[in-house]
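Work through these exercises with the model open beside you. Try each task before you read its solution.

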Amino acid sequence: MMDSVFKHKGYLGSIEYDDRDKILHGRVLGISDVISYEGDSVAELEGGFRDALESYFEGCKEVGKQPEKPFSGKFTVRVPSGLHAEMALKAKDSGKSLNAWVVDVLAQAAGHEAR
């Protein structure tokens with residue numbers, strides 16, 4: 001659910017509650033670097049998310065590293081060969097490349113407008 005994430009400079013952060021320890025915590029999503037944060041309230045958690053990201057950007061700058069970009073737009077999906085063939089035919093019938101057809105189908109499934 002997209003309502004349960006923070007957004008900052010193109011990055012997304014989770015909002016989670018640990019019932020055992022009674023704390024709010026989260027993690028930056030979509031990158032392999034681990035960036036986590038916590039807070040006692042949602043406002044404090046959001047501030048922790050933004051502060052953790054800004055610290056990450058500063059740390060990357062200090063060591064000459066580019067911050068990892070979230071959700072590059074590329075991912076690999078393995079499907080059975082029969083499904084691949086059916087998808088290719090549907091794409092051809094719609095006058096689209098397989099990639100464009102898949103993007104449209106995924107956008108529709110996610111409730112977004114196709115590109």
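The exercises below go through strands, salt bridges, a surface patch and a pocket. Keep in mind that this is a predicted model.

**Exercise 1. A hairpin**

Task: Find how strands β1 and β2 run and how many bridges join them.

Solution:
- Step 1. Locate the strands. β1 covers residues 5-8, and β2 covers residues 11-14.
- Step 2. Check the direction. The two strands run antiparallel.
- Step 3. Count the links. Four bridges join β1 to β2.
- Step 4. Pick out one facing pair. Val5 stands opposite Ser14 in β2.
- Step 5. Look at the turn. Two residues sit between the strands of this hairpin, and Lys9 takes a positive phi near 50 degrees.

**Exercise 2. Salt bridges**

Task: Start from the total for the whole structure, then describe the salt bridges of Asp21, Lys65 and Arg50.

Solution:
- Step 1. Take the total. A search of the whole structure finds six salt bridges.
- Step 2. Begin with Asp21. Its partner is Arg20, and their closest N and O atoms are 3.2 Å apart. The cut-off for a salt bridge is 4 Å, so this pair passes.
- Step 3. Classify both residues. Asp21 has a relative accessible area of 41%, so Asp21 is partly exposed. Arg20 reaches 70%, so Arg20 counts as exposed.
- Step 4. Move to Lys65. Lys65 forms a salt bridge with Asp33, with 3.0 Å between the closest N and O atoms. This pair links distant parts of the chain, 32 residues apart. Lys65 lies in the loop between α1 and α2, while Asp33 lies in the loop between β4 and β5. Lys65 is partly exposed because its relative accessibility is 38%.
- Step 5. Finish with Arg50. Here the partner is Glu46, and the closest N and O atoms are 3.5 Å apart. Both residues lie in helix α1, four residues apart, which is about one turn of the helix.
- Step 6. Classify this pair too. Arg50 has 33% relative accessibility and counts as partly exposed. Glu46, at 28%, also counts as partly exposed.

**Exercise 3. Ile23 and Leu45**

Task: Is Ile23 buried or exposed, or in between? How far is Ile23 from Leu45 in space?

Solution:
- Step 1. Place Ile23. This residue is found in strand β4, residues 23-29.
- Step 2. Apply the cut-off. Buried means under 20% relative accessible area. Ile23 has 23%, so Ile23 is partly exposed.
- Step 3. Give the distances. Ile23 and Leu45 are 22 residues apart in sequence. From C-alpha to C-alpha, Ile23 and Leu45 are 9.7 Å apart in space.

**Exercise 4. A patch and a pocket**

Task: Name the residues of the nonpolar surface patch, then describe the largest pocket.

Solution:
- Step 1. List the patch. Phe75, Val77, Val79, Leu83 and Leu106 make a nonpolar surface patch of about 460 Å².
- Step 2. Look at one member. Val79 lies in the loop between α1 (42-63) and α2 (81-93). At 32% relative accessibility, Val79 counts as partly exposed.
- Step 3. Turn to the pocket. The largest pocket has a volume of about 650 Å³.
- Step 4. Describe the lining. It consists of 20 residues. Phe75, Val77, Asn99, Val102 and Leu106 lie nearest the centre of the pocket.
- Step 5. Assign the lining to elements. Those giving two or more residues are α2 and α3 (98-110). α3 gives the most, with eight residues.

Definitions and conventions. Residues numbered from 1 in each chain as written. Predicted model: local features only at pLDDT ≥ 70, side-chain atom pairs only at ≥ 80, totals over all residues. Heavy atoms only, no water. Patch = residues over 30% accessible without salt bridge, like charges linked within 9 Å, V, L, I, M, F, W, Y side chains within 5 Å. Areas by Shrake-Rupley, 256 points an atom, 1.4 Å probe, with all protein chains shown as cover. Salt bridge = Lys/Arg side-chain N within 4 Å of Asp/Glu carboxyl O. Buried < 20%, exposed > 50% of the residue type's maximum accessible area, 1.4 Å probe, protein only. Pairing = 2+ DSSP bridges. 1 Å grid on protein atoms, 1.4 Å probe; cavity = no way out; pocket = protein on both sides within 12 Å on 5 of 7 lines; lining within 4 Å. Points joined across faces, edges and corners; volume = space filled by probe spheres on them.
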